[in-house]
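The exercises below concern charged side-chain pairs and one strand pairing. Each task is followed by a worked solution.

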Amino acid sequence: MKYEKHSDYPDQANDRVLSVLLALWPSMPESVKDDLVLVGGLAVHLLTRHERNPFGPSSVTLDVDLGIALGASTGTYDTVTRSLQGIGFRTVDRRLVRSIDGLEIAVDFLVEGHSGAGRMVDDVHASAFPGIQRALESKEQHLIQGRDAYGVENSMEIPVVGLGPLLVLKLNAFSNRRQPKDAFDFLTLAMIHHKSAGQALAGERRLNPGYSVASRCLEEFFLDSEKDGPRRALAFRSGAQGSLLDEDRVTLEVMATASKFLFEELAKSDSD
């Protein structure tokens, strides 16, 4: 689920989503764990949580998005869906959903393919998205600590997408649906990782099927403070639309400058 503004998200949303992740990972069949990687808004949070966001609040999410390999399968009666149903998940509109402290947290699966398609992997419905295979190839183990959905203090390593493939995924998502949160997430990554984002994104050029859309999206929507990317990210950050305060215009310029720097790094890499 995505809301239009950051302030629409419940307090402690990230903590609740992490609690669901900490509950589901030990229950996930061992035979598919190597075929999974955390992507989406929770991955943005994990890659930026130790740094201050220069233009606003931290990233936020109410979903767990998992990239899954095309051939993933338990090969047994204990499928992914059955395993998660055993810890309180239910299927709602082909999504696995669990309630925690009154919040509905969904787990979505993404698989490599053209945007808009979908297929069954093991027994879960996975939406197709270009760049998921690269996300799987780039995964890095992150130590996640906190209370799980049962209130138990827990600590475990979970595979999270690398910076370059995550930038590609976020730019593709914004190109497809123009959601303010996708722009905010992309710019949060680009600004907090400003020293490495350009190189990380450039490294996807020959490897990632989503790269061409990502680079076009960056050039078309993010290089000017009046373009869709910064304006929608600002709207998500504070709800500011239409006539803006001076501080909002400064924020837009900061966003556009970060995007230009990233794009210049891509151009430099092209010429090398």
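**Exercise 1.** In this predicted model, characterise the contact between the side chains of Arg134 and Glu137.

Solution.
- Step 1, distance: the two side chains form a salt bridge, with 3.3 Å from N to O. The cut-off for such a contact is 4 Å.
- Step 2, location: both residues belong to helix 5 (residues 132–138), where they are three residues apart, about one turn of the helix.
- Step 3, exposure: Arg134 has a relative accessible area of 14% and is buried, whereas Glu137, with 51%, is exposed. The limits applied are under 20% for buried and over 50% for exposed.

**Exercise 2.** Find how many salt bridges the whole structure contains, and state which residues are joined into one network by salt bridges that share partners.

Solution.
- Step 1, total: searching the whole structure gives 18 salt bridges.
- Step 2, network: Lys170, Arg177, Lys181, Asp182 and Asp185 are linked into one network through shared partners.

**Exercise 3.** For the salt bridge between Arg90 and Glu104, determine which strands the residues lie in and how far apart in sequence the joined parts are.

Solution.
- Step 1, distance: the side chains of Arg90 and Glu104 meet at 2.4 Å, N to O.
- Step 2, location: Arg90 is in strand 3 (residues 90–92) and Glu104 in strand 5 (residues 103–111), so this salt bridge ties together parts 14 residues apart in sequence.
- Step 3, exposure: Arg90 is partly exposed at 37% relative accessible area, and Glu104 is partly exposed at 39%.

**Exercise 4.** Repeat the analysis for Arg95 and Asp108, and decide whether each is buried or partly exposed.

Solution.
- Step 1, distance: the closest N and O atoms of this salt bridge are 2.6 Å apart.
- Step 2, location: Arg95 lies in strand 4 (residues 95–100) and Asp108 in strand 5, so the pair connects parts that are 13 residues apart in sequence.
- Step 3, exposure: Arg95 has 27% relative accessibility and counts as partly exposed. Asp108, at 17%, is buried.

**Exercise 5.** Describe how strand 8 and strand 9 pair, and identify the residue with a positive phi in their hairpin.

Solution.
- Step 1, pairing: strand 8 (residues 140–147) and strand 9 (residues 153–160) are antiparallel, with eight bridges.
- Step 2, register: Ile144 is opposite Met156 of strand 9.
- Step 3, turn: five residues separate the strands in the hairpin, and Gly151 adopts a positive phi near 85°.

Key: Residues are numbered from 1 along each chain as its sequence is written. This is a predicted model: local features need pLDDT of at least 70, side-chain atom pairs count only at pLDDT 80 or more; totals for chains, interfaces and linings use all residues. Side-chain values use heavy atoms; hydrogens and water are left out. Two strands pair if DSSP finds at least two bridges between them. Helices (H or I, at least four residues) and strands (E, at least two) are DSSP runs, numbered from the N terminus. Buried means under 20% relative accessible area, exposed over 50%, partly exposed in between (1.4 Å probe, protein chains only).
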